[in-house]
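Here are some short exercises to work through with the model open beside you. Try each task before reading its solution.

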Amino acid sequence: MTTPPRLEVQHLIRAFDGLRVVDDVSFTVAAGEVACLLGPSGCGKSTTLRIVAGVDMQDSGSIFVDGRLICDTVFRIPPERRAIGLMFQDFALFPHLPVSENVAFGLPGGFATNRARVGELLERVQMSNHVDSYPHELSGGEQQRVALARALAPKPRVLLMDEPFSGLDERLRDGIRDDTLALLKEERTAVLLVTHEPDEAMRMADQILLMRAGRIVQQGAPYNLYNAPVDRRAAAFFSDINVLTGQVRGALTDTPFGQFLTPGIPEGHAVEIVIRPQHLKIDFHRAGQGPAPTAENGTAALARVTRARYLGSESLVEFATEMGDIALTASVPGVFLPPAGTPMWLMLRRDRVFVFPKI
Ligand SMILES: Nc1ncnc2c1ncn2[C@@H]1O[C@H](COP(=O)(O)OP(=O)(O)O)[C@@H](O)[C@H]1O
Ligand SMILES: [Mg+2]
């Protein structure tokens, strides 16, 4: 018999005033896996999390932990008996309790009977020398670490985290994310982490659940979401994108960059050809000549620089194509600041292009 997933959510639906904010959401999270529920503000992420936690109730759908039903529309285990831990944006530490008692809060007997577990966790979040401190004596990053230790102390089977890093200073965040991830992996709990930041999801997730208007529109490893988006909006969620439009003529679409195969899209239908700025290739203009067409890069199109900016680790160079006056942006590592008006040849890396029917 195969082991059931640690967390399984089946066909969850939740409506407010007749509007479905969670609309048939299903997914699984394995033990030791970090799944990120990613999507724009208001798409239903927190509502999904709250239902799993047991602080809100679905209109239909079921939730299982280790194959055991914990909640459907007729049966419901109360939140405190679900072995599910919670961690929210504001950390919500108890201000009148020292760090030791905060971490021991979910453990029967408090700190006095759980010194070993509390000590071990505080050591792992590097807060051992703050056992007797009170929350107001700690920085935001330190409070976050205590909150994480508290959430993990009872060894939850599933840990739910709602935007747990968004209250932190931008410059501290990446380090805290990495430390948090290392601890979550050691504890081997299943984690469902809510975020609206694609970078955070890419950094933390084994599996991304991309959500839009109450539905999961794509799920998979970060690599798959970034490199094989299901539609233009999914592509645009992870970076700026360039979009060329065309029309299907006999399974091909003509562009200034040559023809693109657009199989499966009906004749005459509008097509969007999408490429990320870092996958645009740039070549120099040599006495009116550009590079010869290749299978890898297609045909080069002549363009002129309209603006170039240096952003620190990369330069963003904006172009307008000579043919069709199409605006395109290229991202180039390091410093590359050609003056406006400079003619250059652009190519689209064919293996990096996404083709979608225009909706
Ligand atoms: N208790 C509630 N009553 C009415 N509407 C709600 C309630 N909770 C959430 N909503 C609405 O449901 C939608 C999804 O909210 P939420 O799950 O918090 O989104 P997210 O966490 O993705 O930003 C929003 O439009 C929000 O206003
Ligand atoms: Mg939310």
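**Exercise 1. Decide how helices α5 and α6 are oriented relative to each other: roughly parallel or roughly perpendicular?**

Solution. The two helices are roughly parallel to each other. Keep in mind that this is a predicted model. To see how the verdict is reached, go step by step.

- Step 1: Locate the helices; α5 covers residues 140–152 and α6 covers residues 170–187.
- Step 2: Take the angle at which they pack, about 15 degrees, and the separation of their axes, 11 Å.
- Step 3: Compare the angle with the cut-off: angles under 35 degrees count as roughly parallel, and therefore α5 and α6 get that label.
- Step 4: Add the handedness; the crossing of α5 and α6 is right-handed.

**Exercise 2. Find which residues make the contact between α5 and α6, and sort them by class.**

Solution. Start on the α5 side, where Gly141, Gln144, Leu148 and Leu152 take part. Then turn to α6, which contributes Leu172, Ile176, Thr180, Leu183 and Glu187. Sorted by class, the contact has five nonpolar, three polar and one charged residues.

**Exercise 3. Work out which strands pair with β1, and over how many bridges.**

Solution. First, find β1 at residues 7–16; β4, at residues 60–65, pairs with β1 in the antiparallel sense over five bridges. Within this pairing, glutamine 10 stands opposite serine 62 of β4.

Next, look at β2, residues 19–29: β1 and β2 are joined by eight bridges, again antiparallel. Here valine 9 has phenylalanine 27 of β2 as its bridge partner.

Finally, inspect the hairpin of β1 and β2. Two residues lie between the strands, and aspartate 17 takes a positive phi near 50 degrees.

**Exercise 4. Trace the open sheet that contains β16: what is the strand order, and which strands are at the edges?**

Solution. Reading across the sheet, the five strands come in the order β15-β19-β16-β17-β18, with antiparallel pairing. The edges are β15 (280–284) and β18 (327–333), each of which pairs on one side only. From one strand to the next, the twist averages 45 degrees.

Now zoom in on one pair. Strand β16 (residues 301–310) runs antiparallel to β19 (residues 343–348), and four bridges join them. One pair to look up is leucine 302, whose bridge partner in β19 is tryptophan 345.

**Exercise 5. State where the domains lie along the chain, and how many Å separate their centres.**

Solution. The domain assignment gives domain 1 as 7–234 and domain 2 as 239–357. Taken over C-alpha atoms, the centres of domain 1 and domain 2 are 40 Å apart.

Key: Residues are numbered from 1 along each chain as its sequence is written. Chains are lettered from A and ligands numbered from 1 in the order in which they are written. This is a predicted model: local features need pLDDT of at least 70, side-chain atom pairs count only at pLDDT 80 or more; totals for chains, interfaces and linings use all residues. Domain bounds come from an automatic or database domain assignment. Two strands pair if DSSP finds at least two bridges between them. Axes are lines fitted to C-alpha atoms, for helices over the stretch in contact, and angles run from 0 to 180 degrees between N-to-C directions. Angles under 35 degrees count as roughly parallel, over 145 as roughly antiparallel, 65 to 115 as roughly perpendicular and the rest as oblique. A crossing is left-handed if the near helix is turned anticlockwise from the far one by less than a right angle, and right-handed if clockwise. Two residues are in contact if their C-beta atoms, placed from the backbone, lie within 7 Å. Ala, Val, Leu, Ile, Met, Phe, Trp, Tyr, Cys and Pro count as nonpolar, Asp, Glu, Lys and Arg as charged, and the others, Gly among them, as polar.
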